[in-house]
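Please open the structure in a viewer and keep the sequence at hand. The tour below proceeds by selection, one stop after another.

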Amino acid sequence: MNRKYRKTVIAGNWKMNQLCSGVKPFIEQLREAMPRTKTCEVVLCTPALMIPAMVRAGKDARVAAGGQDVSKYEKGAYTGEISADMLLDAGAKYCIVGHSERREYHHESDSLINEKAKALLAKGITPIICVGESLEQREKDLTMEYIAYQVCAALSGIDGTQVRRCIIAYEPIWAIGTGKTATAEQAQEVCEFIRGVIRKLYGARSARAVSILYGGSMNAKNAAELLSMPDIDGGLIGGASLKPADFAAIIAATAQE
Ligand code: PEP
């Protein structure tokens, strides 16, 4: 983390879990367990239906609401889609785009992810742009090449001012939901590399202002070590964000200097 230049962010990704009725009790338990922090932005990215409940429950607890996906379209005949305007109207401040599950199960391309990030930026919502290599790519030593490609594609046409409003989440696919975490050194190496790619595209000032998160089996035990790395500015957390005590412990791990 480097709080001098950028925000520390702990964002949960509830995926297709929980219910609207469970949001308030969850936040009450989280609030009891989590430290009061002004230095860490806490976000829960929920199914879109739960965003209003998260906004209500999260207000006093200082937990911001986020979505998990957005339409690239502004409005119109796109049955089932949710626009950036709708997310904004519901109270979302953040939204994940390009999660590996959407890339894999919904065949989302890099250019679609780029359009979604732009749709969010146009409405003032912070995109949390996910990138990450497969195990096969890592084993073939293609990680950096692939990550550079994904970052450049996701940021295509986004200018230097807007890029500072983006968050990049490095999520190696082999570490998501598997219990296999990247070592702190592996995660730092790629997050530092991502910052280098942003530096080449936008210059040093922008690069040092962008928060880069690590995601992939982050939990109460390994969070402190991952977060001690200079280019890891927080976490995107799946499984552990479903348990208030575990999520609170990860938030507490950002308190280190
Ligand atoms: C995720 O889905 O973004 C994620 C990081 O999941 P988990 O923490 O469960 O690996």
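Two strands are said to pair if DSSP finds at least two bridges between them. Strands (E, at least two residues) and helices (H or I, at least four) are DSSP runs, numbered from the N terminus.

The model is predicted: local features need pLDDT of at least 70, side-chain atom pairs count only at pLDDT 80 or more, and totals for chains, interfaces and linings use all residues. Residues are numbered from 1 along each chain as its sequence is written, and side-chain values use heavy atoms, with hydrogens and water left out.

**The barrel**

Begin by selecting the strands. Eight of them close into a barrel with parallel pairing, in the order β1-β2-β3-β4-β5-β6-β7-β8. On average, neighbouring strands of this sheet are turned by 30° against each other, direction ignored; the axes are lines fitted to C-alpha atoms, and angles run from 0 to 180 degrees between N-to-C directions.

Next, select residues 40-45 and 63-67, which are β2 and β3; four bridges join them in the parallel sense. Within this pair, Cys 45 stands opposite Gly 66 of β3.

**The ligand**

Now select the ligand and the residues near it, meaning those with a heavy atom within 4 Å. There are 14, the closest being Lys 15, Glu 171, Gly 177, Ser 217 and Gly 239. This shell comprises four nonpolar, eight polar and two charged residues. Here Ala, Val, Leu, Ile, Met, Phe, Trp, Tyr, Cys and Pro count as nonpolar, Asp, Glu, Lys and Arg as charged, and the others, Gly among them, as polar.

Which atoms of Ser 217, Glu 171 and His 99 lie close to ligand oxygen atoms in polar contacts (pairs of N or O atoms within 3.5 Å)? For Ser 217 it is a backbone N or O atom, at 2.7 Å. Glu 171 places a polar side-chain atom 2.8 Å from a ligand oxygen, and a side-chain N or O atom of His 99 is also 2.8 Å from one. Of the 290 Å² of accessible area that the ligand has on its own, the protein covers 95% (Shrake-Rupley method, 1.4 Å probe).

Inspect the backbone of two shell residues. Lys 15, in the loop between β1 and α1 (20-33), has a positive phi of about 50° although it is not a glycine. Ser 217, in the loop between β7 (211-215) and α11, has a positive phi near 55°.

**A salt bridge**

Finally, select Arg 6 and Asp 233, which form a salt bridge with their closest N and O atoms 2.8 Å apart. Arg 6 precedes β1 (8-13) and Asp 233 lies in the loop between α11 (223-227) and β8 (234-237), so the pair ties together parts 227 residues apart in sequence. A salt bridge is a side-chain nitrogen of Lys or Arg within 4 Å of a carboxyl oxygen of Asp or Glu.

Methods. A polar contact is a pair of N or O atoms within 3.5 Å; within protein, one must be able to donate a hydrogen and the other to accept it, and residues adjacent in sequence count only if both atoms are side-chain atoms.
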